Amino acid sequence: GELAVAAGDWNCFSPDDQVTPGVLAALPPHLRPARMCATLGQPLVANYDVHQALASVGLADAAAGLDPACRDPATLAPTGKGGGRVDRFYVTQELREAGAVLAYAQKDGGGSDHLMIMITVGLRELAQAAAPGFRP
């Protein structure tokens with residue numbers, strides 16, 4: 001194992017987002033298949049598959065682990081204009097525990113249906129994070 005940062009447009013949710021069936025029902029139809037699980041006669045449920053896969057190998061949602069004062073905006077706000085915080089950074093637990101992620105920001109860069117996302121990493125904190133070694 002190594003120290004790692006993974007970022008992407010995951011097109012599904014993190015459990016930290018606390019997505020309700022009402023939010024899911026309001027999504028544009030083209031976003032629904034990837035972002036929710038639907039079972040006939042049951043309420044809509046947010047899709048957490050990517051989050052769970054990344055968490056199963058030791059990665060954590062970077063923005064969710066920060067104090068709200070270190071986030072811009074302070075809330076875990078949607079990154080896609082269709083709704084939902086579908087663009088996220090994940091970091092290894094060792095980076096999170098060392099406090100290597102100092103800040104998170106979202107900005108509208110224009111020309112996309114998603115906001116730009118950025119994390120700030122502290123070099124001193126990064127240097128203190130120990131690589132995890134082999135994980136079975």
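The following paragraphs describe the strands, nonpolar cores and charged contacts of this structure, which is a predicted model.

The account begins with the sheet. Three strands form an open sheet in the order 1-6-4, with antiparallel pairing. Strand 1 and strand 4 are its edge strands, each of them pairing on one side only. Direction ignored, neighbouring strands of this sheet are turned by 30° against each other on average. Strands of a sheet pair through backbone hydrogen bonds, either parallel or antiparallel. Between strand 1 and strand 6, the antiparallel pairing extends over five bridges. Gly-8 stands opposite Arg-88, a residue of strand 6.

Strand 6 also contributes to the nonpolar interior. The largest nonpolar core comprises eleven residues: Ala-62, Ala-63, Leu-66, Phe-89, Val-91, Leu-95, Ala-100, Val-101, Tyr-104, Ile-119 and Ala-129. At least two residues of this core come from each of strand 6 (87–92) and strand 7 (101–107). Within this core, Val-101 may serve as a point of reference. Residues up to four places away in sequence not being counted, Val-101 touches Ala-62, Leu-66, Val-91, Leu-95, Ile-119 and Thr-120. Another core, of seven residues, lies apart from the largest one and includes Phe-13, Val-19, Leu-24 and Met-36.

Charged side chains form a further set of links. Side chains of opposite charge can pair when their charged atoms come close. The structure holds three salt bridges. In one of them, Arg-85 pairs with Asp-17, and the closest N and O atoms are 2.7 Å apart. Because Arg-85 lies in the loop between strand 5 (71–72) and strand 6, while Asp-17 lies in the loop between strand 1 (5–9) and helix 1 (21–25), this pair ties together parts that are 68 residues apart in sequence. Both Arg-85 and Asp-17 are buried.

Arg-85 forms a salt bridge with Asp-61 as well, the closest N and O atoms being 2.5 Å apart. Asp-61 belongs to strand 4 (residues 59–61) and Arg-85 to the loop between strand 5 and strand 6, so the pair ties together parts that are 24 residues apart in sequence. Arg-85 counts as buried because its relative accessibility is 2%, and the cut-off for burial is under 20%. Asp-61 likewise counts as buried, at 2% relative accessibility. Asp-17, Asp-61 and Arg-85 are thus linked in a network of salt bridges.

A further salt bridge joins Lys-107 to Asp-72, with the closest N and O atoms 2.5 Å apart. Lys-107 lies in strand 7 and Asp-72 in strand 5, so this pair ties together parts that are 35 residues apart in sequence. Lys-107 is partly exposed, with a relative accessible area of 42%, and Asp-72 is partly exposed at 36%.

The last residue to consider is His-114, which is found in the loop between strand 7 and strand 8 (116–121). His-114 has a relative accessible area of 15% and is therefore buried. The side chain of His-114 makes a polar contact with the side chain of Asp-87, at 2.6 Å. Neighbours within four places in sequence left aside, His-114 is in contact with Asp-9, Arg-35, Thr-79, Gly-80, Val-86 and Asp-87.

Definitions and conventions: Residues numbered from 1 in each chain as written. Predicted model: local features only at pLDDT ≥ 70, side-chain atom pairs only at ≥ 80, totals over all residues. Heavy atoms only, no water. Core = buried A, V, L, I, M, F, W, Y, C linked by side-chain atoms within 4.5 Å. Buried < 20%, exposed > 50% of the residue type's maximum accessible area, 1.4 Å probe, protein only. Helix = DSSP H or I, 4+ residues; strand = E, 2+ residues; numbered from the N terminus. Contact = heavy atoms within 4.5 Å. Salt bridge = Lys/Arg side-chain N within 4 Å of Asp/Glu carboxyl O. Polar contact = N/O pair within 3.5 Å; in protein donor to acceptor, adjacent residues only side chain to side chain. Pairing = 2+ DSSP bridges. Axes fitted to C-alpha atoms, helices over the stretch in contact; angles between N-to-C directions.
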